[in-house]
Amino acid sequence: MELRLSMYGRICHWGPIVAIAIIKLISWTTLHCSTLWLPFSTSIAGVINGVFFFTFAFSTVYNYLCAITVGPGVVPLDWRPEKKENEQCLQFCAICNGFKAPRSHHCRKCGRCVMKMDHHCPWLNNCVGHFNHGYFIMFLLCAVCGCVQATILLLTTVYKFFNSGLYYMHGLAPPVRLTTTSLILCIFSSGMAIGVFIALSFLLYTQMKSVLRNRTGIEDWILEKAEERRNEDPTLAPFIYPYNLGWYENLKQVFFKGCLPKGDGISWDVRKDCSEYDLTIEQLKQKELKKLRKKPFKTVAPYNGAICPWKNGICACFRFPWSLDSRMALNPDDMVLVTRYHKFWLFGEKVSSSPIKAKGWFPRSAVVPVTEYQKYSKKTS
């Protein structure tokens with residue numbers, strides 16, 4: 001799938017469809033229920049509530065659609081640095097047939113190298129990266145604020161409905177009258193708003209933490225590996241993260257002109273004591289170490305790439321890794337190089353002559369180490 005899709009192509013995916021449906025459900029139910037006891041036209045409180053309600057609702061949808069359609073930005077195909085000697089400081093992407101610019105990473109879902117990639121978000125059907133990071137954070141902020149308001153209004157509606165008997169006792173008409181369907185919808189929407197608030201608040205916290213440190217989720221992982229390398233080899237000089245410029249300058253890297261970032265996504269401002277390629281050089285060294293630690297395995301049972309592979313064991317069906325990385329189908333006698341380990345799953349790449357290597361998760365029960373393959377063959381023959 002190419003990252004440069006039309007707006008229609010990006011939205012017509014289960015992620016955006018479900019997200020928009022949730023936004024519409026909470027917004028419509030809140031509007032319907034709150035106007036029963038707090039109408040916009042008869043009180044100042046109703047007007048103020050309406051202004052905040054429509055502001056949060058519009059801003060949530062607007063920033064969400066911008067995050068989808070603006071996109072993170074992609075490194076041009078066949079891209080190379082201006083100076084040829086700098087090519088040795090960068091990773092080469094065989095799929096895009098070019099070098100990965102600093103802070104960019106190849107996304108298997110989008111099929112392109114993404115500028116300052118943070119993560120691929122299935123709810124956006126797009127990556128969160130350089131150009132849409134600000135819109136994504138503003139979407140989270142507006143959605144969290146909107147869910148707080150919606151929860152208060154919906155729970156107040158339910159409270160007023162269940163206390164309507166007090167009004168009847170005093171000969172007054174109750175402020176809220178709900179049908180059975182409306183009541184169920186109100187309770188369901190309030191629960192949905194609380195769930196969305198909890199999930200997005202946590203994500204908003206982690207995203208703002210990343211912005212203030214000018215570090216993506218992928219770069220956090222690279223820094224962890226850099227510290228591990230230095231713990232294993234104390235002779236290595238301490239690694240200094242080159243993109244942390246202080247919280248104010250870090251904010252400008254995401255919110256420079258409104259929600260648009262500073263820079264072109266290729267060249268980056270760095271600390272005075274660092275160079276532009278410090279992080280990419282560290283990545284190359286980690287790749288070399290990763291290659292040395294790869295272990296060859298041989299397929300002994302076919303795997304069709306299913307999420308719940310019943311033929312490969314019950315444990316593999318219910319104890320799968322929580323990861324957006326794809327599953328990789330295996331045929332008998334396939335050779336794979338394993339780089340990540342899970343109790344019942346392994347992650348690796350298939351050995352082949354093609355420059356584009358197939359990578360993904362597969363059940364541990366489907367393979368055995370090459371050193372044990374001969375023993376396994378004798379037992380099964």
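Here are legends for several close-up views of this predicted model.

The model is predicted, so local features are given only at pLDDT of at least 70 and side-chain atom pairs only at pLDDT 80 or more, while totals for chains, interfaces and linings use all residues. Residues are numbered from 1 along each chain as its sequence is written, and side-chain values use heavy atoms, with hydrogens and water left out.

**View 1. An open sheet of 5 strands, in the order E10-E9-E8-E7-E11.** Pairing in this sheet is antiparallel. Strands here are DSSP runs (E, at least two residues; helices are H or I, at least four), numbered from the N terminus. Two strands count as paired if DSSP finds at least two bridges between them. As a reminder, strands of a sheet pair through backbone hydrogen bonds, either parallel or antiparallel.

**View 2. The edges and the twist of that sheet.** An open sheet with the order E10-E9-E8-E7-E11 has two edge strands, E10 (359-363) and E11 (367-369), and each of them pairs on one side only. Neighbouring strands are turned by 45° against each other on average, direction ignored. Axes are lines fitted to C-alpha atoms, for helices over the stretch in contact, and angles run from 0 to 180 degrees between N-to-C directions.

**View 3. Strand E9 between E8 and E10.** On one side, E9 (residues 345-350) runs antiparallel to E10, with 5 bridges joining them. Look for Phe 347, whose bridge partner in E10 is Trp 361. On the other side, 5 bridges join E9 to E8, again antiparallel. Tyr 341 has Leu 346 in E9 as its bridge partner, and a hairpin takes the chain from E8 to E9 through 3 residues. There's a charge to spot here too: the charged end of Arg 340 sits over the ring of Phe 347, 4.0 Å from its centre. That label needs NZ of Lys or CZ of Arg within 6 Å of the ring centre and within 35 degrees of the ring normal.

**View 4. Strand E7 between E8 and E11.** E7 (residues 295-299) and E8 (residues 335-341) run antiparallel and are joined by 4 bridges. Lys 295 stands opposite Val 338 in E8, and Lys 298 has Met 335 as its bridge partner in E8. E7 also pairs with E11 in the antiparallel sense, over 3 bridges. One pair to pick out there is Phe 297 with Pro 369 of E11.

**View 5. Helices H3 and H4, with an aromatic pair linking them.** H3 and H4 pack at an angle of about 150°, with their axes 8 Å apart. That makes H3 roughly antiparallel to H4; the cut-offs are under 35 degrees for roughly parallel, over 145 for roughly antiparallel, 65 to 115 for roughly perpendicular, and oblique for the rest. H3 passes H4 in a left-handed crossing, meaning that the near helix is turned anticlockwise from the far one by less than a right angle (clockwise would be right-handed). A search of the whole structure finds 14 aromatic pairs. In one of them, the rings of Tyr 64 and Phe 139 have centres 5.1 Å apart and planes at 50°, so the pair is tilted. Tyr 64 belongs to H3 (residues 44-70) and Phe 139 to H4 (residues 133-162), 75 residues apart. Rings of Phe, Tyr and Trp (its six-membered ring) pair if their centres lie within 6.5 Å, with planes under 30 degrees apart called stacked, over 60 edge-to-face and the rest tilted. Tyr 64 is buried at 2% relative accessibility, and Phe 139 is buried at 10%. Buried means under 20% relative accessible area, exposed over 50%, and partly exposed in between (1.4 Å probe, protein chains only).

**View 6. More aromatic rings.** Phe 161 and Phe 162 have ring centres 5.4 Å apart and planes at 75°, so this pair is edge-to-face. Phe 162 is exposed, with a relative accessible area of 54%. Phe 40, Phe 53 and Phe 54 form one aromatic cluster. Arg 103 lies over the face of Tyr 243, at 4.3 Å from the ring centre.

**View 7. Helices H2 and H6.** H2 (residues 14-37) and H6 (residues 180-213) pack at about 125°, with axes 9 Å apart. The two helices are therefore oblique to each other, and their crossing is left-handed.

**View 8. His 130, in the loop between strand E6 (126-128) and H4.** His 130 is buried, with a relative accessible area of 1%. His 130 and Leu 236 are 106 residues apart in sequence and 31 Å apart in space, C-alpha to C-alpha.
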